[in-house]
Amino acid sequence: MIDPVLASGLLIAVFVVLLGLGAPIGICIVVASCSTMLLVLPFDIAMFATAQKMFSSLDSFSLLAVPFFILSGVIMNSGGIATRLVNFAKLFTGRLPGSLSYTNIVGNMMFGAISGSAIAASTSIGGVMVPMSAKEGYNRGFASAVNIASAPTGMLIPPTTAFILYALASGGTSIAALFAGGMVAGCLWGVGCMLVTLVVAKRNNYRVFFALQKGVAWKVTLEAVPSLLLIVIIVGGIVMGIFTAIEASAIAVVYTLFLTLVLYKTLALKDLPGVFVQTVVMTGIIMFLLATSSAMSFSMSITSIPAALSKLLLGISENKIVILLVITAFLLVIGAFMDIGPAILIFTPILLPIMVKLGVDPVHFGIIMIYNLAIGTITPPVGSGLYVGASVGRVKVEDVIRPLMPFYAAIIGVLLLITFVPEIILFLPRLLGVM
């Protein structure tokens, strides 16, 4: 029997060394997995087992939803939806102190949910709002911080592929329940950002009022509602049992094509090949990560790493609150160094059994996990959302960290709230009868 400490040490060492050398994360995962398996299996069997696990992990009908949701997000991102959503957000935030910052937050929540990408939201909405805020006298670092802090809400507000990946990795957790709980968590994240904005805006007297001409509000609403209906159709259809998540993903593609090609006419047929190529590339990356993550899960299971980790965590304490705090801290660190997709696929099979043993609902843990990892997208040293947001705002990363601090505090405050008061997350799935 191989020592799990030796196996986990080898796995982590190979992974970190390759990552430090600049190897793609998928290659890091598969090489580290194979190296670990060689501790207990002959070379030929280890290679065969790795290939078999990678192939079989992709043999799932549920995975059809991933490329379709990615395609619908790319279409919406390429179809000029951002400006319509910004104008719509102004209707609700235009008369508040710091109205441009509120508009940025609401715009990111709406566009992030539609596109399913924090980076797309940060670029599209922030690209409009940060220069506008700076022109109106807002501190550019603060305006960039608002955009960065609120961009990940779209990773929680459905439809989002993160919950689909978690459902697969967890062995069949209800996607409808995850979507409903994610809606609550994402909205609370946005509210936390708004509360920070309220304090800062009043302190700095950021006051911008939008004077809307008669009839403009109705026109703006009519232009934005068709885009927002995507969320209603997809989430409502899944929750009400009208169609499955896979069918919903295909409907999302048809609907977004109708919006951009026919209704808004912001895309032309000649643009579609580029959209399809971008989708294929993104899907290929996710599928390869899914396959390699499955190989890593297998390598850890045959070397008893999950059992050893479970014993270690439960050895610290059998108190659910203490274990939740430890796992939350662990996920925050993981999210700061690893993309959300591979992190979900690797750590869900390890951590979920521990949580279930302690009486934590799989839906609740899924929301906690994805919320933690979403924070990692805007934290150094690897957080892509942080660097993209700073680039969009044309500020240095070091100049945006200080204004981000109160946002970090609010976001983590919401995290602790939904972690230790699970009814906040679970009431909506239960109300809708999806769990």
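Is Ile305 buried or exposed? Let's start there and walk outward. What you have in front of you is a predicted model, and in it Ile305 has a relative accessibility of 10%. Anything under 20% counts as buried, so Ile305 is a buried residue. You'll find Ile305 in helix H14, which covers residues 305-316. Now look for Val5: along the sequence, Ile305 and Val5 are 300 residues apart, yet in space their C-alpha atoms sit 7.6 Å from each other.

There's another pair worth tracing in the same way. Gly274 belongs to helix H13, the run of residues 272-302. Its partner here is Ser78, with the two positions 196 residues apart along the chain and 10.0 Å between the C-alpha atoms. How does the setting of Gly274 look? With a relative accessibility of 45%, Gly274 counts as partly exposed, because that label goes to values between the 20% limit for buried and the 50% limit for exposed.

Next, turn to the helices and how they pack. Helix H10 (residues 175-204) is a good anchor, and helix H9 (residues 161-169) packs against H10 with the two axes 10 Å apart and an angle of about 135°. That angle makes H9 oblique to H10. If you care about handedness, the H9 and H10 crossing is right-handed.

Helix H10 also meets helix H8, made of residues 140-150, and here the axes come within 10 Å and cross at roughly 165°. An angle over 145 degrees counts as roughly antiparallel, which is why H8 is described as roughly antiparallel to H10. The crossing of H8 and H10 is right-handed.

Now for some charged side chains. Side chains of opposite charge can pair when their charged atoms come close. How many salt bridges does the structure hold? The count is 2. One of them joins Lys270 to Asp271, and the closest N and O atoms are 3.7 Å apart. A salt bridge needs the nitrogen and the oxygen within 4 Å, so this pair qualifies. Lys270 is exposed, at 68% relative accessible area, whereas Asp271 is partly exposed at 29%.

The other salt bridge is between the side chains of Arg430 and Glu423, with 2.5 Å from N to O. Arg430 comes out as partly exposed, at 41% relative accessibility. Glu423 is partly exposed too, with a value of 43%.

Last stop: the surface. Which residues form a nonpolar patch there? They are Ile321, Leu325, Ile412, Leu416, Leu417, Phe420 and Val421, and together they offer about 530 Å² of accessible area. Two helices each give two or more residues to this patch, namely H15 (320-337) and H19 (397-420). The biggest share comes from H19, which gives 4 residues.

To see one patch member up close, pick Leu416, which lies in helix H19. Leu416 has a relative accessibility of 37%, so it counts as partly exposed. Residues need over 30% relative accessible area to be part of a patch, and Leu416 at 37% meets that requirement. Set that beside Ile305, where the tour began: Ile305 is buried at 10%, whereas Leu416 is partly exposed.

Technical notes. Residues are numbered from 1 along each chain as its sequence is written. This is a predicted model: local features need pLDDT of at least 70, side-chain atom pairs count only at pLDDT 80 or more; totals for chains, interfaces and linings use all residues. Side-chain values use heavy atoms; hydrogens and water are left out. Patches are made of residues with over 30% relative accessible area and no salt bridge: like charges are joined within 9 Å, nonpolar side chains (Val, Leu, Ile, Met, Phe, Trp, Tyr) within 5 Å. Accessible areas come from the Shrake-Rupley method with a 1.4 Å probe; for residues, only the protein chains shown count as cover. Buried means under 20% relative accessible area, exposed over 50%, partly exposed in between (1.4 Å probe, protein chains only). Axes are lines fitted to C-alpha atoms, for helices over the stretch in contact, and angles run from 0 to 180 degrees between N-to-C directions. Angles under 35 degrees count as roughly parallel, over 145 as roughly antiparallel, 65 to 115 as roughly perpendicular and the rest as oblique. A crossing is left-handed if the near helix is turned anticlockwise from the far one by less than a right angle, and right-handed if clockwise.
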